[in-house]
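Please open the model in the viewer and keep the sequence panel visible beside it. The tour below proceeds by selection, with a short account of what is found at each stop.

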Amino acid sequence: MENEVSGRKQKIELIERLSTSNDPDNLARLVNFLLDDDNEIRRVVIVSLTRINREVILESFPKIEDRLKPFVAKLLQKIDTGIADKLVRDLQHMDSNRRVRAIDLMVRLGKKEGVREALKNVIKDNDSKVRASSIKAIGLLGDSRDLGDLISMVNDPDPRVRANVIEAFEKIGDDSVVWLLLRFSSDENNRIRANAMKALWHFGYKDIEGKLKKMLFDENEWMRASACWVIGELRDENLLSLLLMRLNDTSPNVRINIVRALDKIGSALCIKKLEEMQDDPSAEVRAAVINVLSRIGR
């Protein structure tokens, strides 16, 4: 009990220090304490957040974990009931980072119709970061009425925008776009190709093993890494044999994605392979393996 109280005291002291900082990274660390098992720690975090300047929270919002963003957005709304209108005005701001931040926050506020209309005004913005963010937000809203706007963006010159369009297709869940996904499953961009195969699987089109194998043996390490990412996202043990083909890949980036995929699939064989990777020549890969094994108590 004494150790528990001592640990709580140290956490509260750290929370107080973080809450007085104007550094967005520190504020993101503060928000992470909302995941703490201790109700008192979570209460202290919430009280601290209500005392922090709204602009500081807004600036730190992109650095906050996605799973915590809805809570922080709702808290901001309680602190400032007019925040939604202010965010709409931010969409007209000259600074693209401010517009991206506004989009990221708007979509978490829950006023779906107002957000949809605001996003329609920026989906074809001159700035590719704003376009990509608005499309990601449309995907999070998951409204099939926006499908036509998304389809109009499939030939955008920026691959980040096209990749986000594919993610949005999957989130909206309308299988009428499968023909487009088949086209993108052979794209030259690794992220676009990976997103398309993940979405195809989601829509029940599971004949992708040949395409995955082709990615796994591509000369481009990021194409191979993306194939490993897809396998991890699908969490299907039947695809494990494909993943294990690249276990000795020369690229640490590929091997790190293999570690993550093995973790997500989580079978006994996956754990065995993770244990075998503890002696990987890359310190970064070894760290990823140790992190997974320690979390699952191995």
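**Helix α7**

Begin by selecting S96, R99, R101, A102, I103, D104, L105 and M106, which are the buried residues of α7. Extending the selection to residues 96-106 displays the whole of this helix, which is mostly covered, with eight of its 11 residues buried.

**The chain as a whole**

Now zoom out to the full chain. The model is a predicted one, with a mean pLDDT of 90, and 97% of the residues reach 70 or more. Colouring by confidence draws attention to residues 1-5, where pLDDT stays under 50. For that stretch the model has zero contacts beyond four places in sequence.

A cartoon representation shows 19 helices and zero strands. Along the principal axes, the C-alpha atoms fill a box of roughly 55 × 55 × 30 Å. The chain has 298 residues, of which 50% count as buried. Among contacts between residues at least 6 apart in sequence, 60% join residues at least 24 apart.

**L140 in helix α9**

Select L140 next, within helix α9 (residues 128-141). Is this residue buried, exposed or partly exposed? L140 is partly exposed, because its relative accessible area is 40%, between the limits of 20% and 50%. Residues up to four places away in sequence aside, L140 touches V107, R108 and K171. Add A168 to the view: the C-alpha atoms of L140 and A168 are separated by 7.2 Å, although the two residues are 28 apart along the chain.

**R235 in a loop**

Move to the loop between α15 (221-234) and α16 (240-244), where R235 lies. The backbone deserves inspection here, as phi of R235 is near 50°, a positive value in a residue other than glycine. With a relative accessible area of 47%, R235 is partly exposed.

**Helices α17 and α19**

Select residues 252-265 for helix α17 and residues 283-295 for helix α19. Two packed helices are described by the angle between their axes and the distance between the axes. Here the axes come within 9 Å and cross at roughly 10°. The two helices are therefore roughly parallel, as the crossing angle is under 35 degrees.

Which residues form the contact between them? Show side chains for P252, R255, I256, V259 and D263 in α17, which meet E284, V285, A288, V289, V292 and R295 in α19. By class, this contact has seven nonpolar, no polar and four charged residues.

**Cysteines C228 and C270**

Finish with C228 and C270, shown with their sulfur atoms. Why is C228 not in a disulfide? The closest cysteine sulfur, in C270, is 12 Å from that of C228, which is too far for a bond, because a disulfide requires sulfur atoms within 2.5 Å. C270 is likewise in no disulfide, the sulfur of C228 being the nearest to its own. The count for the model comes to zero disulfides. C228 is buried, with a relative accessible area of 0%, and C270 also counts as buried at 0% relative accessibility.

Conventions. Residues are numbered from 1 along each chain as its sequence is written. This is a predicted model: local features need pLDDT of at least 70, side-chain atom pairs count only at pLDDT 80 or more; totals for chains, interfaces and linings use all residues. Side-chain values use heavy atoms; hydrogens and water are left out. pLDDT is the predictor's confidence in each residue, from 0 to 100. Contact means heavy atoms within 4.5 Å. Buried means under 20% relative accessible area, exposed over 50%, partly exposed in between (1.4 Å probe, protein chains only). Axes are lines fitted to C-alpha atoms, for helices over the stretch in contact, and angles run from 0 to 180 degrees between N-to-C directions. Helices (H or I, at least four residues) and strands (E, at least two) are DSSP runs, numbered from the N terminus. Angles under 35 degrees count as roughly parallel, over 145 as roughly antiparallel, 65 to 115 as roughly perpendicular and the rest as oblique. Ala, Val, Leu, Ile, Met, Phe, Trp, Tyr, Cys and Pro count as nonpolar, Asp, Glu, Lys and Arg as charged, and the others, Gly among them, as polar.
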